[in-house]
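Here is a short report on one protein model and its ligand. Please keep the sequence and the 3D view open while you read.

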Amino acid sequence: MAKEEIFKKIISHAKEYGFIFQSSEIYDGLSAVYDYGQNGVELKKNIKKYWWDSMVLLHENIVGIDSAIFMHPTVWKASGHVGAFNDPLIDNKDSKKRYRADVLIEDFREKIQTKINKEITKAKKRFGEAFNLDEFVSTNRRVLDNQNKIDKLNERFTKALEDNNLDDIKQIIVDNKIACPVSGSRNWTDVRQFNLMFDTKLGSVSEDANTIYLRPETAQGIFVNYLNVQKTGRMKIPFGIAQIGKAFRNEIVARQFIFRMREFEQMEMQFFVKPGDEMKWFEFWKNTRLNWHRALGLTEDQIRTHKHQKLAHYANAAIDIEFDFPIGFKELEGIHSRTDFDLEQHQKFSGKKIQYYDNETKSSYTPYVIETSIGLDRMFFAILSNSFEEEIIEKENGVKDKRVVLKIPPSLAPVKAAILPLIRKDGLPEKARVIFNSLKYDFNCQYDEKDSIGKRYRRHDAIGTPFCVTIDHQTLEDNSVTLRYRDSMEQERVKIHKLNYMVNGLADMKKLLKKL
Ligand code: ATP
């Protein structure tokens, strides 16, 4: 199935099954803002728990906070966001669509890369066992030509970004004949800078009002609380502060479902280290975070790392963890070595000393910071697209049928077990309720008695419920039920008293955390 088609299917599936709704839909929606429905909120909560526990429970030197969305406006001057949190935007005069100029160029580069990958796949097939990748990419004419194009483009693009040369960014688009994906035309405006922060007024009297910002990242809430946490928690370096919370960006491009939203959630952890130790910790967190993704079953061809060509003003090393979304390989998480930039800036702007006193060396220093920053909504999208499958199955009577199943890792699934009386009489619903009431304290169960058992199985496949528990007449005789597994659709007879143990054994969060 073409990726575009999968993308559309995932969006409509997410809506149909109560995962994601367009915000204010009855008023025709609000662009790039989304609401999470009854199943979406559960999946989101579980992703948050997986992240939070992997940081705060598993590391004795990481603690969490929950800072306010509104912050003193000087925070954003100090952090550089007021002056430099801009994206280069460009409009197509024919389609009237607005784009991020850097994203247009990156997508163009990705197209060339795709051509190279296709050549490699073809050659692998042709040469079989004898295929030698290094030899192939260093000798094949078409691969070499395309790689040359990418290298030249990278060099010019990096320089234009570094010099903030908006004219050359536009010229790159013109020279490479990059066309508007909607109109196909190359009729572009000039490139302009656009600040991504939303502002609002604090206070009820407009003359006294102060402009404040909706935070564009959660990280600054951690930096301004560094001293509070370090002192009250008696934290010793190295240590980390984790936070999950909303962030807001007035994004230019708003056509990518929950990949790019104007209101979204971040899961960020700032790890404070001794200056000079930052590269060691950068590597540590890169590997730790990659393992976190791998534990969910994401494979090497689905996630890759991308080293930043242009470093942000605060960073001395940075990589992105990219995921192969239905819209292509894109950033899922960023890992940045932020140096002492933020703490130094806050010292300068606040006039307060923000340092760490090292008892061993009897001296003070401003810590360096390694940041891991992942978008919760992007992670949600990654899980959704990775788990979405359409399967052709053969029924008992030989008839072929289709099922849509979300193979969400059981620990993250919104509902762990569906409790289903086979029919709505003979005391089966009552027995099912007893089972439901005994399991509901341990995990999210759903009682469902409407429609045929086959339809109910499909409904639960579609929301990713890993276990269906069916109560039938035999249950009344010997306290056994049918346990059906979502992925294999296999069924087995088990005793009621074993259900808790069996479901938890596969779906408990511990299962995931122990893989780390
Ligand atoms: P991009 O280049 O895609 O705009 P970014 O480099 O600006 O992302 P960061 O500032 O590093 O992103 O933010 C950290 C993480 O927050 C990103 O890896 C992403 O998962 C998430 N994120 C950033 N912007 C958005 C958004 N508009 N919608 C959803 N998630 C976002």
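The side chain of Ser387 reaches the backbone oxygen of Ile383 at 2.8 Å. Ser387 belongs to helix α13, which spans residues 376-387. Its relative accessibility is 2%, so Ser387 counts as buried. This is a predicted model, and every value here is computed from it.

**The ligand site**

Now to the ligand. A shell of 17 residues surrounds the ligand, and Glu251, Arg260, Met261, Glu331 and Leu332 come nearest. By class, the shell holds 7 charged, 5 polar and 5 nonpolar residues. Three polar contacts to ligand oxygen atoms are listed below.

| Residue | Protein partner | Distance to a ligand oxygen |
|---|---|---|
| Glu331 | side-chain N or O atom | 2.6 Å |
| Leu332 | polar backbone atom | 2.8 Å |
| Arg378 | side-chain N or O atom | 3.0 Å |

How much of the ligand does the protein bury? Taken alone, the ligand exposes 590 Å², and 86% of that is buried by the protein. Three elements each give two or more residues to the shell: β10 (263-273), β13 (328-339) and β16 (368-375). Of the elements, β13 gives the most, with 5 residues.

**Strand β13 and its partners**

Is β13 mostly covered or mostly open? Mostly covered: 10 of its 12 residues are buried. Two pairings of β13 are worth tracing in the view.

Start with β12, residues 317-325. Strands β12 and β13 run antiparallel and are joined by 9 bridges. They form a hairpin, with 2 residues between them. Within this pair, Glu322 stands opposite Glu331 of β13. Glu331 is also the residue with a side-chain N or O atom 2.6 Å from a ligand oxygen.

Next comes β16. It pairs with β13 over 6 bridges, again in the antiparallel sense. Here His336 has Glu371 of β16 as its bridge partner. Both β13 and β16 give two or more residues to the ligand shell.

**The seven-stranded sheet**

These strands sit in a wider arrangement. An open sheet of 7 strands runs in the order β3-β9-β10-β16-β13-β12-β11. Its pairing is mixed. The edges are β3 (62-65) and β11 (303-307), and each of them pairs on one side only. From one strand to the next, the twist averages 25°.

In the sheet order, β10, β16 and β13 follow one another. These are the elements that give two or more residues to the shell around the ligand.

Which strand pairs with β10 over 10 bridges? Strand β9 (residues 239-248) does, in the antiparallel sense. In this pair, Gly240 has Phe271 of β10 as its bridge partner.

**The five-stranded sheet**

There is also an open sheet of 5 strands, with the order β20-β19-β21-β22-β23 and mixed pairing. Strands β20 (445-447) and β23 (491-495) stand at the edges. Each has a single partner strand, so one side of each is left without a neighbour in the sheet. The twist averages 25° from one strand to the next.

Inside this sheet, β19 (residues 417-421) runs parallel to β21 (residues 467-471). The two are joined by 5 bridges. Ala417 stands opposite Phe467 in β21.

**Two residues around β2**

Finally, look toward the start of the chain. Ser31 is found in the loop between β1 (20-22) and β2 (34-36). Is Ser31 buried, partly exposed or exposed? Its relative accessibility is 41%, so Ser31 counts as partly exposed. From Ser31 to Trp285 the C-alpha distance is 34 Å, and the two are 254 residues apart in sequence.

Tyr36 lies in β2 itself. Its relative accessible area is 18%. The cut-off for buried is under 20%, so Tyr36 counts as buried. Tyr36 and Phe21 are 15 residues apart along the chain, and their C-alpha atoms are separated by 6.2 Å.

Key. Residues numbered from 1 in each chain as written. Predicted model: local features only at pLDDT ≥ 70, side-chain atom pairs only at ≥ 80, totals over all residues. Heavy atoms only, no water. Near = heavy atom within 4 Å. Polar contact = N/O pair within 3.5 Å; in protein donor to acceptor, adjacent residues only side chain to side chain. Areas by Shrake-Rupley, 256 points an atom, 1.4 Å probe, with all protein chains shown as cover. Helix = DSSP H or I, 4+ residues; strand = E, 2+ residues; numbered from the N terminus. Nonpolar A, V, L, I, M, F, W, Y, C, P; charged D, E, K, R; others polar. Buried < 20%, exposed > 50% of the residue type's maximum accessible area, 1.4 Å probe, protein only. Pairing = 2+ DSSP bridges. Axes fitted to C-alpha atoms, helices over the stretch in contact; angles between N-to-C directions.
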